[in-house]
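Me: Could you walk me through this structure while I have it open? I'd like to go one topic at a time.

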Amino acid sequence: MPPARPSFVCASCATALRSQAPNTSPALRAFGATTAQLQPPAQDLPRWKQTPPAMKMPYRLRPQPNQPVWKVNEDPEPLDEMYDKFVGRAGEAAKGQTGVDSTKGRDLLPEEVKWLAITHKSFDHGRRGFNDRLALLGKRIVSLQTSLALLHAPTPRTAPSDPFLTTTHNNNNSSNSSDIFHHVALEGAENITAFSKAQVLSPTRLAQLAQSYGVDKVMRWKPKKSENLRGSGVETVLAHTVYSIIGALAMQRGGEVAARTARERVLLPLGLR
Amino acid sequence: MKRVRLDRWASQLQPPRNPRLHAQRCAFSHETTTLPRRREVLPQQRQYITQTQWQCQRRTVSSKRRASTATALQEEVDEGEPEVLPPTPARAPLYAPSHRKAVHSAKLAALHARLSLSPKLPLQTLARCLVDPSADPRPAYNNAPFAVLGQDLLGHHTTEHLICHYPRLPMSVLFAAQYAFVGEATLASIRSEWGVEVVAAPGMEVDAGLLQLKRQVPGNSLMEGTSRQVKDMPGVRKLGAKLGGGRRNSEWNYRRGISSRVVFDDEFGELVGGEPYAGAQLSTPAAGEDDGAVEARGADGTTSTLPILPRSPDETEPTTVSDASASFVRAVAGALYLHAGAAATKTFHRDHVLSRQLELHTMFNFTHPTRDLSRLCAREGFEPPVARLISETGRLSRTPVFVVGVYSGDNLLGEAAGASLNEGRVRAAAAVLRSWYLYSPPKGEVVLPSEVEGAAAAATGKGKLGKVWRPQVIDVGEIVT
């Protein structure tokens with residue numbers, strides 16, 4: 001007959017545990033070939049909503065940090081509104097794809113992906129997943145679209161008295177433009193510099209853009225100091241989340257939707273057409 | 001027997017031997033039409049321009065193509081060039097061969113043909129791709145713009161390939177694989193595989209088909225990697241430092257993690273500007289390297305002053321051959337995109353980058369695989385992993401072998417052999433983790449996001465090659481170790 005409780009739990013502890021967590025009792029579970037099927041997570045809770053019960057300690061060992069408790073949004077409605085605001089009309093590129101009824105931001109992504117895209121690694125110790133990979137892809141997409149947008153951008157401010165640092169648009173220096181190979185495809189190429197890209201995609205500006213879309217209200221993360229968000233790197237996390245939303249759109253709805261969102265909803269507000 | 005009259009032959013319009021040059025004619029015609037109207041094109045010059053398009057064979061037998069710092073080509077250029085011009089305003093100095101010389105370069109034409117580049121890419125642009133900013137700092141003459149664009153393109157294609165084919169790859173392995181595909185070392189070896197040679201020193205007189213850069217003097221301890229970038233953008237390093245990211249791990253009270261690299265660092269997770277040499281001083285925002293550039297930090301963290309850019313090759317920072325090679329390959333990709341479009345770039349990426357074999361299973365590094373596997377099973381709701389001995393031999397000998405399998409309930413997750421029981425157990429756990437992280441969806445289900453990008457795709461709903469989009473596997477993330 002299998003034991004009622006494993007041998008490493010004494011009787012008094014078993015009673016205490018039973019009273020503490022009447023529903024789940026992971027400590028009373030015996031490991032081994034005779035184990036019954038591991039109690040699955042509560043069926044009605046989706047994955048984004050609960051941390052996997054097997055990864056949780058039944059009680060907290062360390063003291064609570066000496067700062068206000070940090071709470072994140074758990075309500076789907078503000079999240080959907082944020083997605084609508086973020087994607088705007090760029091979702092129309094997804095028309096015609098199977099399973100796309102409406103092209104509002106909230107309908108482009110499934111529920112799990114929507115929550116995953118705004119979950120930072122710091123949230124719940126990464127147990128509910130995080131958006132690093134999506135952000136990596138999103139950053140590549142945004143970076144490429146930035147370069148392409150810089151091709152059409154007006155000339156950045158160059159030192160006015162410098163005759164050699166000129167672009168093809170500068171008409172004063174036709175004398176030396178004969179040494180430059182002119183081609184219609186290469187117009188605006190000199191606008192692409194690492195400096196101008198870094199200026200456009202600076203994390204602070206992206207963070208401000210994200211705040212305007214309401215991302216800071218819905219993203220799930222855990223600051224180091226809940227009273228000092230700036231010092232805890234909220235701007236980095238906001239920029240990270242912007243990238244990951246673009247990446248999620250790319251993985252779920254294809255490159256066209258993601259590129260359009262990057263162009264119209266991220267770069268355009270940052271000043272690049 | 002009659003004397004061979006090469007000039008007679010050449011005076012008739014012959015089709016060039018290289019069919020690619022025939023297609024180049026369209027590109028050449030831009031050259032004559034976009035000459036500024038103010039400048040008079042003298043009849044001798046016009047004749048020279050049209051003749052040089054077709055008469056690459058028009059050389060005297062004695063003149064040879066020289067690759068190094070000889071002046072033979074210099075004299076040839078001077079024949080038809082500025083001596084006969086009316087006095088023009090001061091021309092910009094040339095630090096690399098002029099684009100007119102690109103037509104004459106056999107190396108360049110051979111490179112173009114060898115790589116099967118699209119005929120839409122003119123030789124002049126390919127010649128510009130071979131000029132590193134250290135050889136000529138002016139953006140209109142060097143490959144810097146193309147290199148930035150090409151880096152974006154190659155990086156984008158590589159990242160989406162990796163993420164779509166291996167959706168569960170951990171971040172550190174993703175960064176490493178990205179570097180293995182399109183990192184500097186790989187691109188440098190691609191450059192040498194292509195057969196592009198490097199000059200000893202840049203100049204106007206060298207062949208247009210050689211990679212021009214100002215070589216770094218060995219023994220100097222300068223910043224490795226793309227040192228040019230930090231000089232060119234003095235604000236970014238400080239942006240990073242100001243926001244508490246993009247900083248070196250050795251700074252006080254700072255630990256460089258993996259997640260923040262997505263925002264601050266480059267596509268390989270490396271610090272932009274490279275890691276300096278060991279023992280380098282930590283630069284503080286107050287004591288910056290760029291003297292004279294007064295920083296007016298805007299409210300959005302960007303700087304309002306421009307970087308002080310070098311004006312001539314005397315002021316440029318020397319680079320390594322490896323960096324210049326990488327810039328060249330990226331520049332080819334960027335130039336190909338500008339001239340020939342996205343499809344040609346994708347083909348280029350497939351032919352030169354994805355054709356390389358990468359063994360991903362060797363790129364993992366686990367410190368506690370048994371612990372990680374236990375957390376993985378807990379997260380996914382599997383039964384906890386149990387290691388069991390499957391078979392063994394030679395327990396009391398000098399070389400025992402224990403085959404250990406890791407089971408989740410009755411399911412064997414993975415097995416491995418080791419020289420001791422512990423080693424077998426640990427290796428088996430690592431094998432299971434690798435098999436989890438290296439999961440790849442069936443090939444028929446993988447559709448890359450860029451395959452459905454573009455106006456045509458948006459209109460018809462089908463991408464290139466008729467691929468219909470389907471959502472790709474999105475994994476929640478790796479186990480945080």
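Reply: What follows is a short tour of a sheet, the nonpolar cores and some salt bridges, and please keep in mind that this is a predicted model.

Me: OK, start with the sheet in chain B: what is the strand order?

Reply: The sheet is open and has three strands in the order E1-E2-E3 (chain B), with antiparallel pairing. Its edge strands are E1 (385-393) and E3 (411-418) of chain B, each of which pairs on one side only, and neighbouring strands are turned by 25° against each other on average, direction ignored.

Me: And how many bridges between E2 and E3 of chain B?

Reply: Strand E2 (residues 401-408) of chain B pairs with E3(B) over seven bridges, and Gly405(B) stands opposite Glu415(B) in E3(B).

Me: Which helix packs on that sheet?

Reply: That is helix H16 (residues 421-437) of chain B, which touches E1, E2 and E3 of chain B and whose direction makes about 130° with that of E3(B). Within H16 of chain B, Glu423(B) and Arg427(B) lie four residues apart, about one turn of the helix, and their side chains meet in a salt bridge (2.8 Å, N to O).

Me: Are Glu423(B) and Arg427(B) buried or exposed?

Reply: Glu423(B) counts as partly exposed because its relative accessibility is 29%, and Arg427(B) is also partly exposed, with a relative accessible area of 46%.

Me: Switching topic, which residues touch the most other members in the largest nonpolar core?

Reply: Among its 135 residues, Met82(A), Phe86(A), Trp194(B) and Phe328(B) do, while helix H9 (residues 234-253) of chain A gives the most to this core, with 12 residues. Leaving aside neighbours within four places in sequence, the contacts of Trp194(B) include Leu111(B), Phe328(B), Phe348(B) and His352(B).

Me: Back to charges, what links Asp152(B) and Lys197(A)?

Reply: Their side chains meet in a salt bridge (2.7 Å, N to O). Asp152(B) lies in helix H7 (residues 144-165) of chain B and Lys197(A) in helix H6 (residues 194-200) of chain A, so the pair joins two chains. Asp152(B) counts as buried at 8% relative accessibility, and Lys197(A) counts as buried at 11%.

Me: What about Asp84(A) and Arg106(A)?

Reply: The side chains of Asp84(A) and Arg106(A) also form a salt bridge, at 2.6 Å, N to O, and this pair links helix H2 (residues 76-87) with helix H3 (residues 105-108) of chain A, 22 residues apart. Both Asp84(A) and Arg106(A) are buried.

Key
Residues are numbered from 1 along each chain as its sequence is written. Chains are lettered from A and ligands numbered from 1 in the order in which they are written. This is a predicted model: local features need pLDDT of at least 70, side-chain atom pairs count only at pLDDT 80 or more; totals for chains, interfaces and linings use all residues. Side-chain values use heavy atoms; hydrogens and water are left out. Two strands pair if DSSP finds at least two bridges between them. Axes are lines fitted to C-alpha atoms, for helices over the stretch in contact, and angles run from 0 to 180 degrees between N-to-C directions. Contact means heavy atoms within 4.5 Å. A nonpolar core is a set of buried Ala, Val, Leu, Ile, Met, Phe, Trp, Tyr and Cys residues joined through side-chain atoms within 4.5 Å. Buried means under 20% relative accessible area, exposed over 50%, partly exposed in between (1.4 Å probe, protein chains only). A salt bridge is a side-chain nitrogen of Lys or Arg within 4 Å of a carboxyl oxygen of Asp or Glu.
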